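Visitor: I have a model open on my screen and would like a guided walk through it. Could we take it step by step?

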Amino acid sequence: MSTDPGDGVLKYNWVNYNLPGTLGGVAAKTRETMLLCEAAGYDVILVETVGIGQSETAVADMTDFFLALMLPGAGDELQGIKKGLVELADMIAINKADGDNLQRARAAAGEYRSALHILTPRSENWTPPVVTY
C-alpha cells in the first residue's frame with residue numbers, strides 16, 4: 001500500500017488468486033484489507049473483482065455499493081451469463097458507449113432495464129439505474 005502525498009489517495013494493488021474450489025471474484029483477504037484501510041481512516045475503498053460473471057457475488061456482501069460494469073454487444077444480456085450478478089447490482093453501467101458501440105450500448109442498457117423488471121429486487125426501496133458512458 002502507498003499513499004501519494006499530493007492527492008491523499010490510497011493505492012493498493014494485489015494479485016487476485018482465489019483458492020481452488022472457491023468463488024466470489026475477490027482475493028481471500030479482501031475483507032481484512034478493507035477493514036485495515038477503514039482503520040487507517042480511508043472513507044472510500046474501491047474493490048475490483050476479476051470480472052468473470054456469476055462468481056463475483058461475494059463482493060456484494062462486502063461493499064456498501066455494488067456497481068456492475070458491462071460491455072455492449074458482449075451477449076451477456078441475452079445469454080444470462082451475468083444472472084445472479086445483475087440481481088445484486090446497485091447500479092449497472094454499460095461502458096465503452098461511444099463511436100460504433102453507442103447503439104449496441106443503448107440496446108444493452110435497454111435489455112438490462114427490461115431484465116431488472118422481471119427479477120426480484122435486492123431492496124424494495126431501490127431500483128438499480130442502468131446507465132451508459
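Guide: Happily! This is a predicted model, and we can start at helix α1.

Visitor: Which exposed residues sit on the face of α1 turned away from its buried side?

Guide: Start from the buried residues of α1, residues 30–39, which are T30, T33, M34 and C37. Down the helix axis these buried residues fall within an arc of 100°, so they line one face of α1. The face of α1 turned away from that buried side carries L35, L36 and A39.

Visitor: What residue with positive phi follows α1?

Guide: Step just past the helix and look at the backbone there. The residue that follows α1 has a phi near 100°, and it is G41.

Visitor: Now the sheet, please. What is the order of its strands?

Guide: It is an open sheet of 3 strands with parallel pairing. 4 bridges join β3 to β4, and 3 bridges join β4 to β5. β3 and β5 (130–132) each have a single partner strand, so they stand at the edges. The order is therefore β3-β4-β5.

Visitor: Which residue of β5 is the bridge partner of A93?

Guide: The pairing of β4 with β5 is parallel. One landmark along it is I94, which stands opposite T132 in β5. For A93, the bridge partner in β5 is V131.

Visitor: And on the other pairing, which residue of β4 is the bridge partner of L67?

Guide: Here β3 and β4 run parallel, joined by 4 bridges. Within β4, the partner of L67 is M91.

Visitor: What angle does the direction of α4 make with that of β5?

Guide: The sheet itself twists by an average of 25° from one strand to the next. α4 packs on this sheet and touches β3, β4 and β5. Its direction makes an angle with that of β5 of about 175°.

Visitor: How far apart are the end C-alpha atoms of α4?

Guide: Helix α4 has 17 residues, 102–118, and at 1.5 Å a residue it should span 24 Å. The separation of its end C-alpha atoms agrees with that expectation, at 25 Å.

Visitor: Within what arc do the buried residues of α4 fall?

Guide: An α-helix has 3.6 residues a turn, so residues three or four places apart point the same way. In α4 the buried residues are A105, A108, A109, Y112 and L116. They line one face of the helix because, seen down its axis, they fall within an arc of 105°.

Visitor: Is A115 buried, partly exposed or exposed?

Guide: A115 lies in helix α4, and its C-alpha atom is 8.6 Å from that of V86, 29 residues away along the chain. Its relative accessibility is 25%, whereas buried means under 20% and exposed over 50%. A115 therefore counts as partly exposed.

Visitor: Which element gives the most to the largest nonpolar core?

Guide: That core has 21 residues, and those with the most contacts inside it include A68, V86 and Y112. The elements giving two or more residues to it are β3 (67–70), α3 (85–88), β4 and α4. With 5 residues, the element that gives the most is α4.

Visitor: One last stop: which residue in the loop between β4 and α4 has a positive phi?

Guide: The loop runs from β4 (91–94) to α4. Its residue with a phi near 60° is not a glycine; this residue is K96.

Key:
Residues numbered from 1 in each chain as written. Predicted model: local features only at pLDDT ≥ 70, side-chain atom pairs only at ≥ 80, totals over all residues. Heavy atoms only, no water. Expected span 1.5 Å × (residues − 1). Buried < 20%, exposed > 50% of the residue type's maximum accessible area, 1.4 Å probe, protein only. Arc of directions from axis to C-beta. Core = buried A, V, L, I, M, F, W, Y, C linked by side-chain atoms within 4.5 Å. Pairing = 2+ DSSP bridges. Axes fitted to C-alpha atoms, helices over the stretch in contact; angles between N-to-C directions. Contact = heavy atoms within 4.5 Å.
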